[in-house]
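Please walk through this model with its sequence and coordinates at hand. The text below takes selected residues and the chains they belong to in turn.

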Amino acid sequence: MAKAGTFGDRQARRLVRSRGASTGMRILKYTLSRALALLATVVVGVYLTVLIANMGGHVDEIRRSAIREQAALTLQLNQEARLLSAEERNQILNELIAVEERRLGLDQPFVVRSFRALWQALTLDLGRAYYMTSDSGSRQVRLIILERLAPTLLLFATAELLLFFLSVLIALFLSRRYGSWLDRLIVALAPTSAAPSWFYGVFLILIFAAILRWFPFGGMVQTPPPQGTLPYALSVLKHLVLPASSIVISAIFYSIYSWRTFFLIYSSEDYVEMAKAKGLTSAAIERRYILRPTLPTIITSFALTIISLWTGSIVLERVFNWPGLGQLIYRAIGSFDAPVIVGSVVVYAYLLALTVFVLDIVYAIIDPRVKVGAEGQTS
Amino acid sequence: MNSVLKRWAEIRRYPSAIAGMMIILALVALSVYTVFAIPYRQAIQLWRGGENLWIENPRNAAPAWFNLFPGINLPTTMVIESQGSPERKAALDLDGLKEVRIELPVSFTFDGFPKEISLFLSARYQTADPYITATWITPDGREIVLADQSIKREASIRLSQDTRLERRLRGLSAEIGLFADPNRQGEPVPLKGEYRLVVDALLFAPGDDLDAKLVVYGQLHGLAGTDHRRRDLTIPLLWGAPIALAFGFLAAIGSTLSTMIIAAAGVWWGRWVDALIQRITEVNLILPVLPILIMVGTMYSRSIWVILNVVILLGIFSGGIKTYRAIFLQVKESPYIEAARAYGASSLRIIFRYMIPRVAPILVPQFVALIPSYVFLEATLAVLGLGDPILPTWGKVLDDAYTNGAIYRGYFYWVLLPSALLITTGLGFSMVGFALDRIFNPRLRGL
């Protein structure tokens with residue numbers, strides 16, 4: 001994913017360098033073409049999700065048979081209907097089914113409905129869930145997702161931001177102490193990131209919840225929730241420690257390792273040697289000669305980190321019984337609730353596309369190499 | 001050949017790579033051994049066969065090697081039977097009737113109580129049901145009647161579930177009450193020594209016979225312990241190795257190779273082919289992989305091979321395509337490609353014989369590092385309840401442990417053993433991958 005930015009970068013340069021129009025026009029043209037391409041990407045991606053989430057129309061069959069069953073049951077429980085002949089009853093049954101199918105829009109073919117679902121998803125009219133309800137009892141997909149968004153953001157924002165800043169800072173520190181025992185230790189520990197966060201979560205639960213009893217096994221707040229804001233926040237914080245740590249532990253060593261390597265590559269450039277030879281302080285070298293050129297990469301990585309918050313982590317949330325979006329998606333898939341699945345995917349797709357788009361534009365504008373190229377061509 | 005030797009010399013400079021290779025070799029050896037020692041069909045039968053197959057195993061027993069730790073002396077499973085040991089059986093003919101006495105010695109020297117205790121009887125008779133009396137004789141000479149009843153051909157007397165016996169044992173369940181020291185107050189303590197179970201049977205024809213089998217289920221069992229369905233965990237832990245390796249290797253090779261071919265083709269033909277590939281990749285980046293796999297698992301098939309194919313399909317147009325594309329763009333311009341074109345090589349020949357072989361070594365480290373992520377992907381799906389329904393895998397064991405509350409109930413071995421195997425596999429491959437990365441990637445050399 002981190003490659004998306006560099007690709008846009010290259011394309012931007014190619015576009016910006018093309019002869020003819022002025023720089024402003026070129027950037028506008030480039031912006032438009034990127035926006036169109038990304039929009040097309042989102043449309044296709046969301047349509048595929050609609051198809052998959054509905055099992056290519058098979059979910060409709062499941063819903064039809066559920067309606068038939070429900071209608072038959074209603075008729076069976078109706079005292080008056082028992083007096084009718086079998087033929088009449090059958091007719092009433094079919095009418096009931098037809099009414100219900102029309103109400104849910106099932107009387108139209110799946111192809112038509114799939115395009116309608118696509119349009120609704122794209123206009124962020126997320127519609128109603130088939131079966132699931134929010135905790136407050138609403139069938140609105142928007143409300144269901146919003147309700148779960150806060151816990152996911154809380155957990156993943158805490159963990160990912162911690163992870164990001166910790167690893168960049170420690171990496172900078174290590175790149176100065178390249179070859180020290182700490183540096184070697186981090187490099188040696190980097191392969192531990194092969195295991196996903198839930199795997200470390202299981203261990204943390206085992207040690208800190210089952211054996212030491214320091215932290216709870218799971219959940220987001222104790223039951224019953226404590227009264228008052230401060231006790232509530234403290235309870236949430238206590239529940240947050242283990243899942244957030246497992247996210248950080250699972251990724252931190254590899255993250256430090258790759259940032260450190262990245263910084264080392266940049267600090268072996270000739271201009272850095274030159275700066276050293278001039279006798280600049282290491283802080284100045286770091287700020288002006290190492291962080292400056294690596295800033296675009298850091299920003300890209302940060303932006304992608306931010307949007308990755310949206311999906312949460314299905315397994316981690318299940319292991320810690322965290323009431324977030326990941327669990328929601330898992331339950332939605334388990335109950336064939338296509339609108340909820342499509343709803344959560346479409347928001348993610350928009351966020352991703354938007355971030356990539358903004359990054360592309362930012363690159364085209366701020367990257368000095370791109371600018372120099374453009375000026376060189378126009379002058 | 002020479003270059004391979006040179007690479008090997010470089011790899012040997014990394015102790016972590018050597019350790020990783022040892023792990024991989026050990027896993028491969030374990031897999032080969034497993035596949036021959038427990039053939040596929042047998043493994044599945046053992047894993048799916050149900051509880052009757054495992055009737056002599058305790059539930060949720062920890063591995064037997066726990067006893068090697070100092071201070072731990074817990075009972076392992078004991079099976080004592082009369083069949084095959086004629087000295088344990090004595091018969092007496094009483095004109096027409098037959099009396100059989102079976103004595104089963106139980107030597108109990110452990111600090112803990114067993115998990116369960118059951119008596120299995122099998123009788124061969126013509127008309128009337130045999131009548132049996134089972135008596136438990138403790139080392140200090142107490143006699144406790146366990147059963148006094150007529151039996152059918154196969155009888156299982158689950159002593160631990162006998163509530164009347166429990167009442168006679170002062171409210172202690174049979175596996176505790178029968179072994180408890182009567183002179184100790186408070187928390188029951190086992191009485192060590194030689195116990196005997198005596199089964200007196202009255203048979204109603206001279207040709208009739210009876211055999212008895214006493215199973216004292218241990219708290220510890222086998223190399224890996226047992227699960228909630230009495231299954232020996234050795235089976236899934238052993239079979240997890242070949243499955244994990246096969247899944248990881250096939251998924252990694254399938255996705256890297258196909259990604260590489262697609263990237264090379266895109267670069268070679270350029271224009272709309274390239275553009276199309278780029279667009280598909282961008283669409284694919286928006287599609288969430290795990291939810292799609294979960295959907296496939298829930299709605300279509302949970303077979304590991306179907307999932308494998310979907311994983312490869314989703315992996316083809318992954319972000320990696322952009323990296324490969326950048327490399328191939330350089331390769332395409334190199335003189336030897338021009339030479340190949342000059343002698344009239346076809347496009348396919350250039351892609352497969354010139355472009356891909358040139359790039360392949362650079363991708364070896366990535367390929368090795370990808371394997372553990374797929375091994376863990378299988379475990380992830382299993383933990384979500386979407387593991388293959390018939391195959392025994394590490395992920396399945398973790399899933400069983402998780403759904404049966406192993407952590408809450410203190411069955412730590414159940415979680416730790418599959419986890420240890422998973423992390424060892426992961427570490428093995430990723431240590432080699434990291435070392436290879438530093439060797440093959442000149443910019444990282446020496447960093």
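**A guided reading of the two chains**

Helix α7 of chain B, residues 271-286, contains E282(B); helices here are DSSP runs of H or I with at least four residues and strands are runs of E with at least two, numbered from the N terminus. E282(B) is buried, with a relative accessibility of 8%. Buried stands for a relative accessible area under 20%, exposed for over 50% and partly exposed for what lies in between, using a 1.4 Å probe and protein chains only. From E282(B) to G319(B) the C-alpha distance is 8.3 Å, while the two residues are 37 positions apart in sequence.

The model is a predicted one, in which local features need pLDDT of at least 70 and side-chain atom pairs count only at pLDDT 80 or more, whereas totals for chains, interfaces and linings use all residues. Residues are numbered from 1 along each chain as its sequence is written, chains are lettered from A and ligands numbered from 1 in the order in which they are written, and side-chain values use heavy atoms, with hydrogens and water left out.

Chain B can be described as a whole before its other residues are taken up. It has 15 helices and nine strands. An automatic or database domain assignment supplies the domain bounds: domain 1 of chain B covers 2-47 + 232-440, and domain 2 covers 73-217. The centres of domain 1 and domain 2 of chain B, computed over C-alpha atoms, are 54 Å apart.

The overall dimensions of chain B are as follows. The radius of gyration of chain B is 31 Å, against a value near 22 Å for a compact globule of 447 residues; this radius is taken over C-alpha atoms, and the globule rule is 2.2 Å times the number of residues to the power 0.38. The C-alpha trace of chain B extends about 105 × 50 × 40 Å along its principal axes.

Which share of the 447 residues of chain B counts as buried? The share is 54%. Contacts, defined as heavy atoms within 4.5 Å, can be sorted by separation: among those in chain B with a separation of 6 or more, 75% join residues 24 or more positions apart. The exposed area of chain B is about 20400 Å², with 60% of it from carbon and sulfur atoms; accessible areas come from the Shrake-Rupley method with a 1.4 Å probe, and for residues only the protein chains shown count as cover. Chain B carries 43 positive and 37 negative side chains, and 16 Å separates the centres of the two sets. In this count Lys and Arg are positive and Asp and Glu negative, with His and the chain ends not counted; each charge is placed at NZ of Lys, CZ of Arg, CG of Asp or CD of Glu.

Two further buried residues of chain B can be followed through their neighbours. A17(B) belongs to helix α2, residues 15-37, and is buried at 1% relative accessibility. Leaving aside residues up to four places away in sequence, A17(B) touches I11(B), M431(B), V432(B) and A435(B). The C-alpha atom of A17(B) is 8.1 Å from that of G428(B), although their positions lie 411 residues apart along the chain.

Y195(B) sits in strand β8, residues 193-203, and has a relative accessibility of 0%, so it counts as buried. With the same exclusion of residues up to four places away, the residues that Y195(B) touches include L104(B), F108(B), W136(B), I137(B) and F179(B). P418(B) is 223 residues from Y195(B) along the chain, and their C-alpha atoms are 37 Å apart.

The backbone also deserves a look. In the loop between α3 (40-48) and β1 (78-81) of chain B lies N60(B), whose phi is near 50 degrees, a positive value in a residue other than glycine. Is N60(B) buried or exposed? N60(B) counts as buried, at 7% relative accessibility.

Chain A has 15 helices and zero strands. Of its 379 residues, 46% are buried. In chain A, 71% of the contacts with a separation of 6 or more are between residues 24 or more positions apart. Its accessible surface is about 19300 Å², 64% of which belongs to carbon and sulfur atoms.

The loop between α8 (197-211) and α9 (229-267) of chain A holds P224(A), and the peptide bond from T223(A) to P224(A) is cis, with omega near -10 degrees. R213(A) also lies in the loop between α8 and α9 of chain A. Its phi is near 60 degrees, a positive value in a residue other than glycine, and R213(A) is exposed, with a relative accessible area of 58%.
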